[in-house]
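User: Please take a close look at one helix pair in this structure. Walk me through how the two helices sit together and what surrounds them.

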Amino acid sequence: MGGIRHFLRPFYHIGLNLLSLLLSIAITTTTMKEVLKKSVSFNRIEFWAITTIWVFLLFFFITDGLDGNSSYKYPFNRQLFEKAHVPYNYFTHYFIPQLIRFLFLYMVLVYMNFLVIPRILERKMLMLQVFLIFLSFWVSVFVFGSTDTYLRGYLYPNAGGRYEVNLGIYRHSFVISLKLLLVLFFYSVIKYTGIHLLSRASVLERKYQFVTREAIVATIVWTFGLLLLVASGAPMEVVVGWMILVPTGMMIFLLNYYWLIPRALKRKYSFLVLMGQNAVILFVVFGLFSILIIIAVKWGDDGVSLSLFNSVFNFFITVPLTWVIYRRQVKGRQVIDTLKMELGQSNANFDFLRSQINPHFLFNALNTIYGTAIQENAERTGGAVLKLSDMMRFMLQENMQETIPLMREVEYLNNYLSLQKLRTATSPDIRIQTDIESTVLPIRVAPMLFIPFVENAFKHGISFREPSYISITLAVKNGVVNFDVFNSKHKRAANDPEADKSGIGLNNVRQRLQLLYPGKHELVIRETANDFFVHLSIQSV
C-alpha cells in the first residue's frame, strides 16, 4: 500500500495544481456572475439528476429493509455485534441510522450546492455564508457521530469506558465530515470550471484544434469520476484502472481523429493502415504502462494484465469507434456543404426571377407613354413621366430589399394603374374599378408581388374593340393581405407579336410565393372563356 500511495501522490498534486489553474483561468477571463448565469440551466438538470439518483437509492434501501426475506438481516455491522456478543436489532443498529444519514446528506448537498456556494461566488453576504458552512460542518459531525453510536454499538462493552468510545466515534465523524466538505469543494471547482470552458469551447477550438467540446466534457467526467472513486474509498485497482484507461482512450481518440485517420484516408486500404499504426502505438503504450506499474505500484502480473487490457480495449473498441465517428461526421459535413450550395443556387434563381420582372414592366410602361404622347402632348405626358420615374426609383432601390412597407407597394401599384388609365381614358367601353386600402402602414410584404396579376389583367383583359373591364381590390384584415383581380378576357390579334407568349409574370410570382411564403399564402386562379379571376392572401411578415 505504501508503494501505491507513493505512486498516486504525484498525480494527486498534479490534479490539485491543474484544478487551481483552471479555476484561475475561469476567474480571470470572465466574471463569476457570468459563469453563474451560464450555469442556471445546468443547475436545473443537476438538481433533478441528484434528486432522481437519491430517490432510487432511498427506494431500494427502504424496500430491502422492509422486505421479509432473511437476506436483509445481514448488513455490514451485524457480524461485529455478534462477535462482541452484543444484542443486535436491525432497525435500531442499521436501518434507522442509515436512513437518517441518507436524508441528511441529500438536504446538506442540495443546500450547500445550490444556495450557499453560488452566493459565495457572487459575494452575497459572504460572512453569513461562511458561518453557514461552519454550522453545516459541525451539524454533520453531530449527525454522523450520533448515528455511529448505534451503527458501532458493538464497541461499548469491550472498551474502557463510554467516553473513550464516544471520543473515537466523533473523531471519526469529524474526519468523514471534513472529507465530504473537501469533496464538495473539488466538485464545485470542477463544475464551474467546466461550465466556463464549455461556454468558450468554440473559441478554444479555433485556437487549439484538439480542445473540442467533447474533449472538455470527457475531461470533466474523468476528473469527477476520479474524485468520487478516491472519496468513496474504492479499491486501488479500480482507481489506478480509471487513471489509466480513460486518459489513454482520450489520447487514442484525439490522435486518430485529428491526425491518423485524415492521413490514412489518403492511402489504399485505409482502415487496415490505421489499425496497423494503432497496433504499434498501443504496443508501446502497453510496455510503458507495464513498466511504470511494476516499478511504482509493485503489482507484477496484475500490472501487466491491467496494461494489456488497456491496450486491447483501445485497439478493438476506441480505434474502430473513432473511425466510425469520423466518417459519419465527414458525411454530415458533406451534406451540409451540399445544402449550402443548393441554397446558394436557390437564392441565385430567386434573384434572377425577381430581376426578370423589371424589363418586362418597363417595356409595357414605355409603350403606354409612347401612345399617350401620340394622342396629346404636354401635361398628361409630363405626369406620366413623373409617375414612371417614381416607379423606376422604386425598382432600383426598394425592389432589391427582402420586404418593404405595404404602403410603398400600394403606391407603386397606383402609379401603374394611373399610367394604364391614361392609355384607356379615351375608350368609354373600358371600365377600371379599384378599391385599394390605404391604411396599411404597419404591414410589410415582399416587393413586386401584386403587379404581375395587374399586368396580366391589362395584357389579356383590355381591348379597344370590345367592352372590357378590370376590378382590383386590396384589403388588410387581422394581419392578412387580401388581393383580388377580376378582368375580362379577350383573344389577341393574330399579328400581335406576343399572341403566343404566356409571359413570365404569373409563373414567376408562383415561384416567389413558394420561396417567400411557404404555408403562409393562398393563391386561387379561376379562368373561363370570357373571365379571369385571381385571389391572393398573404400572412404579413
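Analyst: Start with two helices of this predicted model. The axes of H14 and H15 come within 11 Å, and they cross at roughly 10°. Angles under 35 degrees count as roughly parallel, so H14 runs roughly parallel to H15.

Now look at who touches whom. H14 brings Tyr412, Leu413, Tyr416, Leu417, Gln420 and Arg423 to the contact. H15 answers with Ile451, Val454, Glu455 and Phe458. Sorted by class, this contact has seven nonpolar residues, one polar residue and two charged residues.

Spacing along a helix is worth knowing here. An α-helix has 3.6 residues a turn, so residues three or four places apart point the same way.

Next, zoom in on H15. This helix is mostly covered, with 10 of its 11 residues buried. The buried set includes Phe453 and Ala457, but also Glu455, Asn456 and Lys459.

Pick out Phe458. Setting aside neighbours within four places in sequence, Phe458 is in contact with Tyr416, Leu417, Gln420, Arg423, Ile432 and Ile470.

Now step back to the largest nonpolar core, which has 41 residues. Phe458 is among the members that touch the most others, along with Leu406, Phe450, Phe453, Val454, Leu474 and Phe483. Several elements each supply at least two residues of this core, including helices H13, H14, H15 and H16 and strands E2, E4, E5 and E7. H14 gives the most, with eight residues. Another core lies apart from this one. That core has 12 residues, among them Ile252, Ala264, Leu282 and Phe315.

Key: Residues are numbered from 1 along each chain as its sequence is written. This is a predicted model: local features need pLDDT of at least 70, side-chain atom pairs count only at pLDDT 80 or more; totals for chains, interfaces and linings use all residues. Side-chain values use heavy atoms; hydrogens and water are left out. A nonpolar core is a set of buried Ala, Val, Leu, Ile, Met, Phe, Trp, Tyr and Cys residues joined through side-chain atoms within 4.5 Å. Buried means under 20% relative accessible area, exposed over 50%, partly exposed in between (1.4 Å probe, protein chains only). Helices (H or I, at least four residues) and strands (E, at least two) are DSSP runs, numbered from the N terminus. Contact means heavy atoms within 4.5 Å. Axes are lines fitted to C-alpha atoms, for helices over the stretch in contact, and angles run from 0 to 180 degrees between N-to-C directions. Angles under 35 degrees count as roughly parallel, over 145 as roughly antiparallel, 65 to 115 as roughly perpendicular and the rest as oblique. Ala, Val, Leu, Ile, Met, Phe, Trp, Tyr, Cys and Pro count as nonpolar, Asp, Glu, Lys and Arg as charged, and the others, Gly among them, as polar.
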